[in-house]
Every structure is written in structure tokens, then in C-alpha cells.
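Me: I'd like to talk through this structure with you, one topic at a time. Could you start wherever you like once it is on screen?

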Amino acid sequence: MSARTLQPPKVIHVSVSARILMNVEALNMAETVGNVSRHRKAPVIVSSKQGGVSVVYVPAISGESLAYHYQKLLASIAQTRGLPVTRMDAQGFFMKFSDNNIIKKYYEDVLSKYNVIEMAEACKVEEAILKSSVVADVGGFLYTDKLIKRTSRIRFSYMIPTLDAIESGAAVSYPQLHVRYTPRPEEREQALYYVETASALYAFTAGLNASDVAELSLLCEASTDLLTEKKKRVEAAYDALIALLDGLMFGAKKSRFSPVWDVITLAVSVSKGSIEFNLSPPHTKNFIAESVERAGRLVNVFKDMNVNIYWSSKEDLREPSTPSQNVHIEKTTSHTDALMKAKGKLFEYLAPGK
């Protein structure tokens, strides 16, 4: 396979930032201590009233947890649309072709079609794996025995409480008492246990590098077979992100701790140019206006950049104003509407000749 001719890249990138209110959730339990199931916590640096900084530990939902549920949704969506997924993808096991032993043991469906273990050329190995799995295409993989690494096209941050919620003391976790009750109060039958729940206004951020989906990450000739599926693969990747966010399709313990939740503010950007554009993290109510101002400065430096931002909010915030003709801003009636309008712009950019 011949080397690809280097050309100036056009990066098509989707960025999502949202402020999500969640009350009484246990979405990311980290450990059990005695009879207490503890919520994951993360250290956060905040400014103090005295002008210094301090460390506080707040309830958090890991990016790994978000990525796992995203990939489950992606595998399900891809299957229904006739896109390739492995047997392990369909079952929710994302070992991602880790080494020869894992491939022989768990990916016999791939070996029967593409014997990647016997392949010598790295470009052909990556192409074969991508042809076998949309999840590996979008979510990335590391094949250690052949030293092939594909960086994930989808990115998630930890979900932590917004800074304004932390500073006002509105980010809490507390253990809830539960009882296992039996007909007779005998020792070791009845039991007390605690599940630690959290309530907070959480910050959610994610990014999707749409232009690199179905593209080989190495300096290889592009695969015609993959490129013919590019639009369908990008659409599956984007729709999985909508499902994850719009239906709160992530987290464990939801059978008894399905949280009361609401998307308070959401912004989604679609950019095209020589670099990617990411929205500011939603730690304050003014993150949308700040993002628009940043976009205005960015397009003045990179003249080929175009940034489109769609947003919706239930908060009293500083509304953005258009800083440049290369920055388009649109307020929508709901967060779902914002996501769908961004999808339209995304596929406009992906169209041939655009």
C-alpha cells in the first residue's frame, strides 16, 4: 500500500458542552467500604473568597464510564444500520484487539475474514480492523503485538459539578440507608447497607473528530471501502452521542437510582478549518458567550475557519453576539433541536466538494 500524499487538512469537528442537573444519582460507584457503596469523587481546585485557591473533593462521573456507554450505543446503532461490529462489540466487551492472544480467543469472527495476526503491513492491519468494527474506528484501539495505535475520534471529560455549583455549596453526596429484610430477624440474614448518592449541576463536555472517521491514522493510502461508508459511520457516531446525552443513556445502578435530571443549558459547535474548535467548559453560565468570543478571535487568525454554534438554555445568562461573518450563532427552542441543527451542518460540511 503506497504512502498517502500529504495535503493541507480540513478538520471537521463537533464539540458539545452542557450543564445537566442531576438529583439523587448513583451513576458511577467506585468502591465498597464495609457496607457502604461509595460514589466516585475527584479533586477540584476552586478559588477561595480570600483570593487563594483550595482543593475540594466532589462527586464525579468518569470519562471512561461515559465512553463505555457511548460505545455500547454506537455498536447497537451500527448493527441496526448494517455497519460492521464484532461479536465482542455487540456484547459490550471492548477489548479492542489488544494483542494476539486476545484476538485468537475473542475475535475469531475477525480472524475468519481477515487474518490480522499473519498480516505484516501495519496499514493493512488497521484497515482490516476498521472494516471489522465501527467501534474500533470511532473509539480507537491499541494492538500491542503489532504496535498499532488508533487514537479515539470521540472524547469525553469527567463529569464534575460546575464551579458555580461548587462555590455555592450545591454539590453534595450522602449515603442512603437500605435494609435487606427477612421474615425472621436472624443474624447474618437481615442487613443494613448504604449507597452513596449525589446531587449536583454537572458539566458535560465531549468532542467528535468527524473528518477522521473511516480514515486510516497512519500515512497510508485511503481505503475506498471505508470511504464509501464514511457518511453512515459519522452519522452513527453522532447519533450515538445524541442518544447518550438526550436520553441520559449512561451510568450504573439505574434500576433503583435513576436520577431526576434536566439539561439546563447546552451548546454544540460544528467547525471546519485547519484546526479543531472546542467550546469552553460549561463551568459558568456564560460559557456560551465566552466560546463565541474565542471563536471570533480564532477565525481572525485562521482565515479558513468556519464555526457554527447552536445553543439552548433555561438559565439567565449573557447571550452571545456574532463576532465575525465566519462564526454563525443560533439559539434554538430545546437542546435536542440544537443537536439536530448541528447535525445538519455537519453533513453539509461532509458533502463532496464542500
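**Backbone, core and surface**

Reply: This is a predicted model, and a convenient place to start is Phe97, which counts as buried because its relative accessibility is 2%, below the 20% cut-off.

Me: Where does Phe97 sit in the chain?

Reply: Phe97 is placed in the loop between helix 2 (87–91) and helix 3 (100–106).

Me: And what is its phi like, positive or negative?

Reply: The phi of Phe97 is positive, at about 60°, although the residue is not a glycine. As background, most residues other than glycine have a negative phi. Val24 is another non-glycine residue with a positive phi, in this case about 55°.

Me: Which element holds Val24, and why is it classed as partly exposed?

Reply: Val24 lies in strand 1, which covers residues 11–25. Its relative accessible area is 44%, and Val24 is called partly exposed because that value falls between the 20% and 50% limits.

Me: Switching to the interior, how many residues are in the largest nonpolar core?

Reply: The largest nonpolar core has 85 residues, and those with the most contacts inside it are Tyr70, Phe156, Phe204 and Val268. Helix 9 (residues 230–246) gives the most to this core, contributing nine residues.

Me: What does Tyr70 touch?

Reply: If neighbours within four places in sequence are left aside, Tyr70 is in contact with Val138, Ile154, Phe156, Ala237, Ala240, Leu241 and Leu244. There is also a second, separate core of 16 residues, which includes Phe287, Ile288, Met305 and Val327.

Me: What about Ser65, buried or exposed?

Reply: Ser65 is found in helix 1 (residues 63–80), and it counts as buried because its relative accessibility of 12% is under 20%. Not counting residues up to four places away in sequence, Ser65 touches Asn28 and Gly251.

Me: New topic: how many disulfides does the structure hold?

Reply: The structure holds one disulfide, formed by Cys123 and Cys220, with their sulfur atoms 1.8 Å apart. This pair links distant parts of the chain, since Cys123 is in helix 5 (residues 122–132) while Cys220 is in the loop between strand 11 (191–209) and helix 8 (224–228), and the two cysteines are 97 residues apart.

Me: Is that link left-handed or right-handed, and are the cysteines buried or exposed?

Reply: The link of Cys123 and Cys220 is left-handed, with -75° about the S-S bond, and both Cys123 and Cys220 are buried.

Me: Now the outside. Which residues make the nonpolar surface patch?

Reply: Ile45, Val53, Val55 and Tyr57 make a nonpolar surface patch of about 450 Å². Strand 5 (residues 53–59) gives the most to this patch, with three residues.

Me: Why is Val55 classed as partly exposed?

Reply: Val55, which is found in strand 5, has a relative accessibility of 46%, and it counts as partly exposed because this lies between 20% and 50%.

Me: And Ser54, what does it touch?

Reply: Ser54 is also found in strand 5, and, residues up to four places away in sequence not being counted, it touches Val44, Ile45 and Val46. Ser54 is partly exposed, with a relative accessible area of 30%. The C-alpha atoms of Ser54 and Pro43 are separated by 9.9 Å, and these two residues are 11 residues apart along the chain.

Conventions. Residues numbered from 1 in each chain as written. Predicted model: local features only at pLDDT ≥ 70, side-chain atom pairs only at ≥ 80, totals over all residues. Heavy atoms only, no water. Patch = residues over 30% accessible without salt bridge, like charges linked within 9 Å, V, L, I, M, F, W, Y side chains within 5 Å. Areas by Shrake-Rupley, 256 points an atom, 1.4 Å probe, with all protein chains shown as cover. Salt bridge = Lys/Arg side-chain N within 4 Å of Asp/Glu carboxyl O. Helix = DSSP H or I, 4+ residues; strand = E, 2+ residues; numbered from the N terminus. Buried < 20%, exposed > 50% of the residue type's maximum accessible area, 1.4 Å probe, protein only. Contact = heavy atoms within 4.5 Å. Disulfide = S-S within 2.5 Å. Core = buried A, V, L, I, M, F, W, Y, C linked by side-chain atoms within 4.5 Å.
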